[in-house]
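Please open the model in your viewer and keep the residue selection panel at hand. The tour goes from one selection to the next.

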Amino acid sequence: MKLPFSTGDKVTLASGGPVMTIRGCHYDVNVNQYNVNIFDCIWFEKNKDGKEEVHYCPFKADELVKIKSADV
């Protein structure tokens, strides 16, 4: 089965938002297995003090859009 995203792919939410990087498939600790329909994403944003903060969140594959490297 070919996954829609690979580690390191640049994505954004279909509804908009920051450019994020795919970390890999989400590991569901409730069932002790990877979920190939959910991907862990990471992105950086400045907080109210102007310092960079890292953010992490899992997203469903159908919520994400892969972006071309020229668009980054």
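Select Val11 and Met20 to begin: Val11 stands opposite Met20, which belongs to E2. Widen the selection to residues 10-13 and 20-28, and you have strands E1 and E2, which pair in the antiparallel sense over two bridges; strands here are DSSP runs of E with at least two residues, numbered from the N terminus, and two of them pair if DSSP finds at least two bridges between them. This is a predicted model, in which local features need pLDDT of at least 70 and side-chain atom pairs count only at pLDDT 80 or more, while totals for chains, interfaces and linings use all residues. Residues are numbered from 1 along each chain as its sequence is written, and side-chain values use heavy atoms, with hydrogens and water left out.

Next, colour the strands: an open sheet of five runs in the order E4-E3-E2-E1-E5 with antiparallel pairing. Its edge strands are E4 (52-60) and E5 (64-66), each of which pairs on one side only.

Now show the side chains of Phe5 and Phe39, an edge-to-face aromatic pair at 5.3 Å centre to centre with 80° between the planes; ring centres must lie within 6.5 Å, and planes under 30 degrees apart count as stacked, over 60 as edge-to-face and the rest as tilted, with the six-membered ring used for Trp. Phe5 sits in the segment before E1 and Phe39 in strand E3 (residues 33-46), 34 residues apart.

Finally, select Trp43 and Phe59, a tilted pair at 6.3 Å and 40°. Trp43 lies in strand E3 and Phe59 in strand E4, so this pair ties together parts 16 residues apart in sequence.

Technical notes. Helix = DSSP H or I, 4+ residues; strand = E, 2+ residues; numbered from the N terminus.
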